[in-house]
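Tutor: Let's go through this structure together, one question at a time. Have the sequence and the 3D view open beside you.

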Amino acid sequence: MLALGIDTATGDLVVGVGDVDKQQALAESITETRAHNERLMPAVQAVLAEAGVGFGDLGAVVVGCGPGPFTGLRVGMASASALGQALGVPVHGVVTHDAVAAQIEAGRVLVVTDARRREVYWAHYERGRRVAGPGVCAPGAVPVERVDVVSVPPHLAGQLEVEAGQVRHVSPNTLGLLRAADFSAEPGPLVPHYLRRPDAVEPKAKPTSPAIP
């Protein structure tokens, strides 16, 4: 079965086509961009063309559900849902950090991504299974003391107070998304992991003057 993978949670636009049975990515595009809305569908069409397949060849869609910023997640998940409905195929939502951890072979793994506002998103894994998180906090407040491998963006590595045997940066990719999805299960509703309120808020209502008799 072929599956389309989409992730927009980390600031990168990840789009790829993979063979689920062979656990192999056939074509992939990873672009650092904030213009997810404008570039996602062209990227989907480009990877399908590169893989030599069409929309009708897809048997499933996998989408990263964060944690991540409101706008990026909304674009990725809405696009994945629309594609699934149009093609009549299941859409599997996965935690983006699970897609990162699925690429790391180690006993204890900590996945950290940039949440901005001087905070990070984190999740802790043991032997490939998520045991804590995802959560959001200041880099120095991540509640994990020691791991074998920590995946963290280079500009945040020095802010973590975590002892690690190896420190490197692993981004979500198509193969990680496929490994994190449970294709044997009926997919449930897509649930975004915002973990905090969006930056944009509704303006407060202006107080009205009392009526003059």
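Tutor: On a 1 Å grid over the protein atoms alone, a pocket is an open set of points where a 1.4 Å probe fits, with protein on both sides within 12 Å along at least five of seven lines; its lining residues have an atom within 4 Å of a point. The model is predicted, so local features need pLDDT of at least 70 and side-chain atom pairs count only at pLDDT 80 or more, while totals for chains, interfaces and linings use all residues. Residues are numbered from 1 along each chain as its sequence is written, and side-chain values use heavy atoms, leaving out hydrogens and water.

Student: How much space lies in the second largest pocket?

Tutor: Grid points are joined across faces, edges and corners, and the volume is the space filled by probe spheres set on them. For the second largest pocket this comes to about 230 Å³.

Student: Which residues lining that pocket are closest to its centre?

Tutor: The lining of the second largest pocket has 18 residues. Strand β5, residues 91-94, supplies the largest share of them, three residues; strands (E, at least two residues) and helices (H or I, at least four) are DSSP runs numbered from the N terminus. Closest to the centre are His 92, Gly 93, Val 94, Val 95 and Gly 188.

Student: Stepping back, what share of the residues in the chain counts as buried?

Tutor: The chain has five helices and 10 strands, and its C-alpha trace spans about 75 × 45 × 30 Å along the principal axes. Buried means under 20% relative accessible area, exposed over 50%, and partly exposed in between, with a 1.4 Å probe and protein chains only. Of the 213 residues, the buried share is 44%.

Student: Which residues have the most contacts inside the largest nonpolar core?

Tutor: A nonpolar core joins buried Ala, Val, Leu, Ile, Met, Phe, Trp, Tyr and Cys residues through side-chain atoms within 4.5 Å. The largest such core here has 25 residues, and those with the most contacts inside it are Leu 4, Ile 6, Val 15, Val 17 and Val 63.

Student: And which elements give two or more residues to this core?

Tutor: Both strands and helices are on the list. The elements are β1 (2-7), β2 (12-19), α1 (36-51), β4 (58-64) and α2 (70-87).

Student: How many residues are in the other core, the one apart from it?

Tutor: The other core includes Leu 110, Val 142, Val 147 and Val 162. Its size is 13 residues.

Student: Is Asp 12 buried or exposed?

Tutor: Asp 12 is found in strand β2. Contact means heavy atoms within 4.5 Å, and beyond four places in sequence Asp 12 touches Asp 7, Ile 30, Thr 31, Glu 32, His 36 and Ser 171. Because its relative accessibility is 16%, Asp 12 counts as buried.

Student: What relative accessibility does His 124 have?

Tutor: His 124 belongs to strand β7, residues 119-126. Leaving out residues up to four places away, its contacts include Arg 108, Leu 110, Arg 129 and Val 147. His 124 counts as buried because its relative accessibility is 10%.

Student: How far apart are the C-alpha atoms of Val 150 and Val 109?

Tutor: Val 150 lies in strand β9, residues 146-151, and is buried, with a relative accessible area of 4%. Among the residues Val 150 touches beyond four places in sequence are Leu 110, Val 112, Leu 160 and Val 167. Although Val 150 and Val 109 are 41 residues apart along the chain, their C-alpha atoms are separated by 5.7 Å.

Student: Which residue does a cis peptide bond join to Gly 133?

Tutor: One cis peptide bond joins Gly 66 and Pro 67, with omega of about 15°, and Pro 67 sits in the loop between β4 and α2. At Gly 133 the cis bond has omega of about 5°. The partner there, found in strand β8 (residues 129-137), is Pro 134.

Student: Now the backbone angles: what is the phi of Arg 118 near?

Tutor: Arg 116, in strand β6 (residues 108-116), has a positive phi of about 60° although it is not a glycine. Arg 116 is partly exposed, with a relative accessible area of 39%. Arg 118 is found in the loop between β6 and β7 and is exposed at 79%. Its phi, also positive in a residue other than glycine, is near 60°.
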